[in-house]
Protein chains: 4
Amino acid sequence: MASTEVKKERSQVKIGPKQFPVGGRKIAMIAGPCAVENEDQIFRIAEAVRQAGGVGLRGGAYKPRTSPYSFQGLQEEGLKLLAEARKRTDLAVVTEVISVETVDLVCEYTDVLQIGARNMQHYALLEAVGKADKPVLLKRGLSSTLDEWLLAAEYIINAGNPNVILCERGIRTYEDYVRNTLPLAAVPALQARTHLPVLVDPSHGTGHAYLVPPMCRAAIAAGADGLIVECHNDPEHALSDGAQSITPQALLTLMGKLKRIAEAIGKEA
Amino acid sequence: MASTEVKKERSQVKIGPKQFPVGGRKIAMIAGPCAVENEDQIFRIAEAVRQAGGVGLRGGAYKPRTSPYSFQGLQEEGLKLLAEARKRTDLAVVTEVISVETVDLVCEYTDVLQIGARNMQHYALLEAVGKADKPVLLKRGLSSTLDEWLLAAEYIINAGNPNVILCERGIRTYEDYVRNTLPLAAVPALQARTHLPVLVDPSHGTGHAYLVPPMCRAAIAAGADGLIVECHNDPEHALSDGAQSITPQALLTLMGKLKRIAEAIGKEA
Amino acid sequence: MASTEVKKERSQVKIGPKQFPVGGRKIAMIAGPCAVENEDQIFRIAEAVRQAGGVGLRGGAYKPRTSPYSFQGLQEEGLKLLAEARKRTDLAVVTEVISVETVDLVCEYTDVLQIGARNMQHYALLEAVGKADKPVLLKRGLSSTLDEWLLAAEYIINAGNPNVILCERGIRTYEDYVRNTLPLAAVPALQARTHLPVLVDPSHGTGHAYLVPPMCRAAIAAGADGLIVECHNDPEHALSDGAQSITPQALLTLMGKLKRIAEAIGKEA
Amino acid sequence: MASTEVKKERSQVKIGPKQFPVGGRKIAMIAGPCAVENEDQIFRIAEAVRQAGGVGLRGGAYKPRTSPYSFQGLQEEGLKLLAEARKRTDLAVVTEVISVETVDLVCEYTDVLQIGARNMQHYALLEAVGKADKPVLLKRGLSSTLDEWLLAAEYIINAGNPNVILCERGIRTYEDYVRNTLPLAAVPALQARTHLPVLVDPSHGTGHAYLVPPMCRAAIAAGADGLIVECHNDPEHALSDGAQSITPQALLTLMGKLKRIAEAIGKEA
């Protein structure tokens with residue numbers, strides 16, 4: 001059902017208080033910290049994202065962490081802060097859901113349910129968000145193929161939720177100057193196979209702040225429908241992923257360039 | 001807690017009615033079909049595994065499938081057949097659990113809870129099996145590192161269950177003559193890092209029946225504590241993974257060679 | 001000597017009859033067929049490249065082929081056709097050299113010596129082109145690291161030739177919808193490490209004509225100093241690499257967009 | 001011509017003063033230092049290899065080095081020492097040839113011409129050794145496919161030399177606990193495709209001495225026709241590859257186990 005053979009025209013998925021259409025002529029910029037840390041942090045960053053022209057605020061309340069001993073997120077407290085940030089800025093809130101049990105709770109506070117790379121083939125969770133009434137941002141699994149990814153989307157759509165946004169976040173290769181290799185050809189390759197919108201995450205896709213702006217520009221030039229970027233007011237003291245977070249100032253500068261690149265290919269930012 | 005820095009001597013995990021010690025001097029052969037299909041199939045194969053000298057019977061009742069439209073397994077009916085096969089053969093039953101909700105039910109019928117590659121970082125499930133009183137067979141995730149894998153084991157141990165068996169099942173590479181590339185150096189590399197037993201799955205690790213016996217032999221020669229192998233009485237008509245399943249006759253022949261290889265390196269099979 | 005630690009300002013390498021500076025403010029577009037096939041073909045394509053605003057003409061006279069039974073190129077006859085095409089268009093001719101023995105001969109006819117991916121660590125050849133008085137376009141080796149690539153450049157520079165242009169052409173991964181995975185983050189990552197100009201080859205980097213224009217746009221947006229693209233007047237009947245060649249018309253359309261993207265990031269095309 | 005479709009029975013390639021048949025019932029152990037360093041070193045190691053039951057002495061005289069500033073080998077002086085070591089031990093000498101110009105010289109002193117991974121698609125060199133009257137040991141290229149590798153063998157055979165021995169030395173993956181990932185399934189997969197003998201190099205295939213003995217055992221158990229192993233009398237002070245070299249004592253112990261594993265699968269060592 002995700003296939004262009006079933007539906008030729010590209011899908012738009014509307015997100016947040018302003019029902020911004022992801023997948024249309026206008027590029028969607030979603031930005032925010034890896035993890036919600038406290039009120040001051042999330043409000044400052046949300047305000048910066050709004051000023052830069054972003055349409056969504058990302059922020060983790062439930063963090064899937066490789067080690068059981070790492071910071072696992074503020075959980076419901078984090079969700080509340082995100083909802084409050086939305087009230088102040090009208091940004092769409094995007095946050096990860098990591099277990100079937102918490103889907104309902106996360107739905108109460110958020111606009112878009114994110115499925116992380118680790119959970120792309122966690123089928124019970126895909127079915128649970130497939131029954132929710134919020135759009136789903138589905139990241140590509142670690143080293144999954146395009147087919148496996150589209151079939152994961154199929155689980156969600158098949159369960160009743162057609163509002164799926166795909167998000168490329170890089171694959172694991174031998175390259176050691178990046179955290180992941182970001183294969184941007186996946187963007188046009190997906191667009192030939194599916195009508196679902198395609199975002200790119202250059203933060204996880206590279207792992208280094210200095211590579212994020214060039215790869216954001218490249219993703220838009222390649223035709224991506226939008227971006228999801230880690231942005232932190234104080235990257236050096238971020239509780240997680242500081243090394244790959246850009247500052248609000250860098251986000252603002254970047255948006256200026258993205259606007260012109262979008263225009264160069266007949267879009268807007 | 002999985003580290004050799006914490007505990008120097010190698011752990012043994014006892015499985016099944018006969019409490020076979022996985023991780024000891026004797027090689028553990030676990031074999032069986034990808035999916036439990038019907039009574040006749042599972043009883044025939046179980047008997048063949050017993051006769052070949054196997055200690056465990058593998059068989060999927062809940063199948064995590066890439067496509068929502070594929071056969072998803074016999075579910076509880078499959079578990080009952082596995083338990084009946086155990087009664088007849090005294091083999092330890094190993095079956096996959098794919099959701100938090102079904103952990104208790106699977107525990108009723110099985111001896112070893114398998115966590116599949118797709119779920120290696122499904123943390124809610126790791127915690128759930130960490131609270132169960134059955135040993136856990138934890139497969140390496142798709143393209144995970146040894147560290148990520150050991151930290152997944154740490155989630156289980158940290159939740160209260162020290163009986164974790166690791167199982168290498170191959171990584172995704174560019175090689176197209178195999179389904180996955182089976183990196184056997186992981187066996188001695190893991191044994192230098194962790195005291196947990198290490199099995200190898202050459203069926204998923206190669207994807208082709210003709211490659212399974214040589215890679216079983218190689219795994220034992222490399223020092224693996226055992227094997228988990230797909231075996232089917234009628235591979236051509238198997239409901240899943242037929243191409244990588246060996247016949248009961250091939251299993252018997254293989255075991256003869258494994259016995260001699262095990263002896264060559266000071267073990268038994 | 002390729003390092004930014006040794007020389008901070010970016011290097012420019014001047015190529016062809018018009019001494020076009022690769023590595024400056026203006027994007028270098030080099031295009032042409034995989035192999036020189038005949039007079040009509042190469043003259044038509046050269047003219048199309050010139051009209052599209054290209055600065056270089058690529059075309060293989062000596063083809064390194066995986067199979068000894070494949071077409072190996074027109075050899076000296078091909079070189080003569082390339083030189084004639086240059087006379088007519090003033091484009092810089094870029095052609096591959098595959099053996100030490102033919103370096104002098106190739107130098108007689110061409111403007112830029114290309115070292116292909118297979119020969120990136122063919123050290124005798126690197127030293128031979130290091131002694132030549134023509135600029136060298138050094139492709140990244142199959143699955144080489146950035147360090148290995150820069151050390152290959154070092155062989156050339158160390159032998160006396162500072163005019164090295166790097167060219168990213170993709171790495172081999174498990175991704176099967178492309179011939180290679182094109183890791184564009186290598187562009188800014190290289191620019192942080194070396195002062196040498198960096199081109200991108202999206203033809204080999206994707207293997208499919210429909211992916212070439214989006215990846216050309218992405219490469220320029222990421223900051224590449226130029227592109228090398230396979231272009232053929234009749235891709236379906238090309239003697240090699242037809243599937244990844246774009247038409248002269250597609251090249252013209254592409255150049256229009258590249259111009260605007262280049263401007264968006266403060267460059268020209 | 002390398003294909004099992006052309007010739008069903010397995011080929012044997014005879015090497016050295018004693019014309020040892022590689023590819024027969026008896027396992028071929030070739031061992032020695034990465035680089036020939038001096039008389040004392042090469043004679044000591046050659047003697048140890050002979051005592052351990054090896055049939056070949058490896059040792060580099062011309063070293064292809066990633067950096068132009070690294071030790072490049074003793075060159076002709078190294079060849080002379082190898083020839084002298086052969087006279088003392090009757091071992092077959094295996095050494096790498098890295099340029100067309102030196103093929104004749106290397107042929108004067110050595111029994112087997114090694115083509116290294118970097119040169120697997122250096123076609124001029126393949127043709128040159130194809131015209132030589134010595135057997136060729138052809139390593140798998142960095143990240144090459146089996147087909148590309150067999151076609152490289154085809155270049156040699158097509159040029160007139162049918163005596164080609166293949167050598168698997170690992171592929172580059174994301175795995176960071178090894179220098180390369182050693183995909184032993186390539187051994188039976190090759191044996192299904194080609195009649196040429198297949199050796200394995202666990203030294204480059206793992207990069208760590210502690211992983212070499214288990215992977216040697218695994219390679220033989222998988223059916224490899226032999227091994228090529230880096231062995232050094234003083235690994236800590238080796239001029240290159242010390243970390244992956246085993247001691248003469250470790251080689252001796254290993255050979256004892258390999259003998260029994262070979263017997264377990266109907267061969268000898």
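**Entry 1. D:A222**

I began with D:A222, which I found in the loop between α8 (212-221) and β10 (226-230) of chain D. I note here that the model is a predicted one. I then asked whether D:A222 is buried or exposed. Its relative accessibility is 2%, and a residue is called buried when this value is under 20%, so D:A222 counts as buried. I also looked up the separation between D:A222 and D:P188, and their C-alpha atoms are 7.0 Å apart. Along the chain, these two residues are separated by 34 residues.

**Entry 2. Helix α8 of chain A**

I turned next to helix α8 of chain A, which covers residues 212-221. How many of its residues are buried? I recorded 10 of 10, and the helix is described as mostly covered. Among the buried residues of this helix are A:V212, A:M215, A:C216, A:R217 and A:I220. Three prolines and alanines that I also noted there are A:P213, A:P214 and A:A218. After the helix comes A:G223, and its phi is positive, near 110°.

**Entry 3. Chains A and C**

I examined how chain A is related to chain C. A rotation of 180°, with 0.0 Å of shift along its axis, superposes chain A on chain C with an RMSD of 0.0 Å. This is the relation of a two-fold axis. Which residue of chain A comes closest to the rotation axis? I found A:A218, whose C-alpha lies at 2.0 Å from the axis. A:A218 is also one of the buried residues of α8 in chain A.

**Entry 4. A salt bridge between two chains**

I then went through the salt bridges, of which the structure holds 52 over all chains. I selected the one that A:E175 forms with C:R140, where the closest N and O atoms are 2.7 Å apart. A:E175 lies in the loop between β8 (164-168) and α6 (186-193) of chain A, and C:R140 in the loop between β7 (136-139) and α5 (146-158) of chain C, so this pair joins two chains. With a relative accessible area of 7%, A:E175 is buried. C:R140 is buried as well, at 0% relative accessibility.

**Entry 5. Salt bridges within a chain**

I looked up A:D241 and A:R179, which form a salt bridge with their closest N and O atoms 3.1 Å apart. The pair links distant parts of the chain, as the two residues are 62 residues apart. A:D241 is in the loop between β10 and α9 (248-264) of chain A, whereas A:R179 is in the loop between β8 and α6. I noted that A:R179 is partly exposed, with a relative accessible area of 43%.

In chain C, I recorded a salt bridge between C:D225 and C:K267, with the closest N and O atoms 3.8 Å apart. C:D225 is in the loop between α8 (212-222) and β10 of chain C, and C:K267 is in the segment after α9, 42 residues away. Both are buried: C:D225 has a relative accessible area of 3%, and C:K267 is at 16%. I also noted that A:E84, A:K87 and A:R88 are joined into one network by salt bridges that share partners.

**Entry 6. A negative patch**

Finally, I asked which residues gather in a patch of negative charge on the surface. They are A:E39, A:E76, A:E77, A:D104 and A:E108. Helices α2 (76-89) and α3 (103-109) of chain A each supply at least two residues of the patch. A:E39 is placed in helix α1 (residues 39-52), and this residue is partly exposed, with a relative accessible area of 47%.

Key. Residues are numbered from 1 along each chain as its sequence is written. Chains are lettered from A and ligands numbered from 1 in the order in which they are written. This is a predicted model: local features need pLDDT of at least 70, side-chain atom pairs count only at pLDDT 80 or more; totals for chains, interfaces and linings use all residues. Side-chain values use heavy atoms; hydrogens and water are left out. Patches are made of residues with over 30% relative accessible area and no salt bridge: like charges are joined within 9 Å, nonpolar side chains (Val, Leu, Ile, Met, Phe, Trp, Tyr) within 5 Å. Accessible areas come from the Shrake-Rupley method with a 1.4 Å probe; for residues, only the protein chains shown count as cover. A salt bridge is a side-chain nitrogen of Lys or Arg within 4 Å of a carboxyl oxygen of Asp or Glu. Lys and Arg count as positive and Asp and Glu as negative; His and the chain ends are not counted. The place of a charge is taken as NZ of Lys, CZ of Arg, CG of Asp or CD of Glu. Helices (H or I, at least four residues) and strands (E, at least two) are DSSP runs, numbered from the N terminus. Buried means under 20% relative accessible area, exposed over 50%, partly exposed in between (1.4 Å probe, protein chains only). Copies are superposed by least squares on the C-alpha atoms of residues with pLDDT of at least 70 in both.
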